[in-house]
Amino acid sequence: MFRNAKNVGYYMIGQGSLSQLGDLLAARRKAVAGPAVFFLDKFFQGKDLADKLPVESRDMLLYVDTTNEPTTDSVDGYTDQVKAFLKGVEPCALVALGGGCVLDTCKCVGNLLDNPGKAEDYQGWELVKNPAPYKIAVPTLSGTGSETSRTGIICNEEKNIKLGMNSDFTMFDQVLMDPDLTASVPRNQYFYTGIDTYMHCFESITGSYRNVVVDSLAAKAIDLCKQVFLSQDMMSEENREKMMIASYLGGMAAGFVGVVHPISAGLSMVLHMRHGIANCYALTVLEDIYPEHYKEFMTMMERQGIDLPKGICQGLTDAQYDALYGASIVHEKPLSNRLGPDFKNILTKENVIGRFKRM
């Protein structure tokens with residue numbers, strides 16, 4: 001059976017392109033009478049970016065707390081706020097400005113505006129039945145690929161699982177990429193987020209569930225990541241634009257990942273670690289599974305002056321180690337993508353917990 005693949009409808013890229021957001025919204029305001037809902041990283045509250053946005057008096061400006069990754073509870077809470085504001089009126093657009101946490105929150109809330117129930121009801125594949133309102137992504141960080149992927153990732157703390165709303169309806173309709181927006185990102189954060197593209201793309205092309213389109217997109221994204229992270233300055237003007245393109249392509253290529261992301265998911269669920277840095281810790285203990293990419297990653301970190309403190313899993317209880325293992329091994333599709341159907345014989349409980357202890 002063949003999958004009918006969908007991509008983002010429109011994209012715009014270039015320095016200063018944020019100034020065109022008002023024009024993009026104007027067309028939507030003519031088409032749909034309802035207000036726009038802006039999802040903005042709380043980091044920008046009281047800063048210049050909020051003042052530059054084309055927010056009208058009837059619009060909603062919602063600040064998203066990105067201290068932790070999105071959860072089913074946080075998505076439900078933001079959905080309730082948006083529904084109370086809209087009072088049944090269809091919004092002309094949902095606009096997300098931020099990193100993956102904000103973009104994923106916007107995508108998931110969008111799904112819940114036109115589908116009954118709660119966020120946890122739609123964690124999985126093809127569970128969303130009704131189209132979401134029109135959505136515009138304006139990434140202020142590059143690397144997650146959320147701007148072009150069909151998944152909104154959320155943590156279900158009650159079930160100890162990190163899983164997305166995987167649906168064509170989750171995708172953004174318009175992406176606006178302005179490299180100027182990433183100029184002030186702290187270097188470590190820029191690396192942790194950007195390297196996510198490199199990781200999910202090499203996981204994809206080293207797995208068994210592949211196709212030629214995904215391979216081509218992933219290969220180009222990896223090439224751009226190498227240009228950025230093996231250069232002398234990953235945050236030069238040219239490299240920030242390259243990183244945005246790599247993230248865009250990487251999101252389109254986001255097929256099945258491998259072992260890095262499940263181990264990373266364990267860290268996110270149990271230690272509440274952010275996705276990008278959790279990926280970095282995961283790859284540091286997977287040199288036997290990804291020897292070439294492990295070596296390249298370590299070179300990238302050294303080249304860019306990035307340091308990962310050791311000992312993050314020291315002193316944990318047996319229950320916490322059990323939870324780390326459970327939150328990682330539950331991701332059967334990506335683990336079998338890399339290691340085959342007998343992956344549990346390789347990643348035994350002792351093996352996985354041993355890896356966490358090495359961090």
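In this predicted model, the side chains of Arg150 and Glu126 come together in a salt bridge, with 2.9 Å from N to O. Arg150 sits in the loop between β6 (135–139) and β7 (151–156), and Glu126 in the loop between β5 (124–125) and β6, so this pair ties together parts of the chain that are 24 residues apart in sequence. The two partners differ in their surroundings: Arg150 is buried, at a relative accessible area of 12%, whereas Glu126 is partly exposed, at 40%.

Further salt bridges share partners, and they join Arg29, Glu56, Arg58 and Asp59 into one network. Within this network, Glu56 forms a salt bridge with Arg29, and the closest N and O atoms of that pair are 3.4 Å apart. Because Glu56 lies in the loop between α2 (48–52) and β3 (60–64) while Arg29 belongs to helix α1 (residues 21–31), the bridge links parts that are 27 residues apart in sequence. Glu56 also meets Arg58 through a salt bridge between their side chains, at 3.5 Å from N to O. As for accessibility, Glu56 is partly exposed, with a relative accessible area of 36%, and Arg58 is likewise partly exposed, at 35%. Arg29, in turn, counts as buried at 14% relative accessibility. Over the model, the count comes to 16 salt bridges.

Two members of this network, Arg58 and Asp59, are also in contact with Pro35. Pro35 is placed in the loop between α1 and β2 (36–41), and it is buried, with a relative accessible area of 12%. Beyond its neighbours within four places in sequence, the contacts of Pro35 also include Phe85, Leu86, Val89, Pro91, Cys92 and Ala93. Leu94 is 59 residues from Pro35 in sequence, yet the C-alpha atoms of the two are 9.1 Å apart in space.

Turning to the nonpolar interior, the largest core has 92 residues, and Phe39, Phe191 and Phe229 are those with the most contacts inside it. Helix α6 (residues 212–229) supplies the largest share of this core, 9 residues. Leaving out residues up to four places away in sequence, Phe39 touches Leu62, Val64, Val82, Leu94, Val95, Ala96, Leu97, Val102, Thr105, Cys106 and Val109. Another core, of 20 residues, lies apart from the largest one, and Ala36, Phe38, Leu40 and Leu53 are among its members. In soluble globular proteins, nonpolar side chains tend to be buried together.

Helix α11 (residues 318–329) gives a neat check on geometry. At 1.5 Å a residue, its 12 residues should span 16 Å, and the end C-alpha atoms are 16 Å apart, so the two values agree. Buried residues in α11 are Tyr321, Leu324, Tyr325, Ala327, Ser328 and Ile329. These buried residues pack against four helices, namely α8 (260–271), α12 (332–339), α13 (343–346) and α14 (349–358).

How values were computed: Residues are numbered from 1 along each chain as its sequence is written. This is a predicted model: local features need pLDDT of at least 70, side-chain atom pairs count only at pLDDT 80 or more; totals for chains, interfaces and linings use all residues. Side-chain values use heavy atoms; hydrogens and water are left out. A salt bridge is a side-chain nitrogen of Lys or Arg within 4 Å of a carboxyl oxygen of Asp or Glu. Helices (H or I, at least four residues) and strands (E, at least two) are DSSP runs, numbered from the N terminus. Buried means under 20% relative accessible area, exposed over 50%, partly exposed in between (1.4 Å probe, protein chains only). Contact means heavy atoms within 4.5 Å. The expected span of a helix is 1.5 Å times one less than its number of residues. A nonpolar core is a set of buried Ala, Val, Leu, Ile, Met, Phe, Trp, Tyr and Cys residues joined through side-chain atoms within 4.5 Å.
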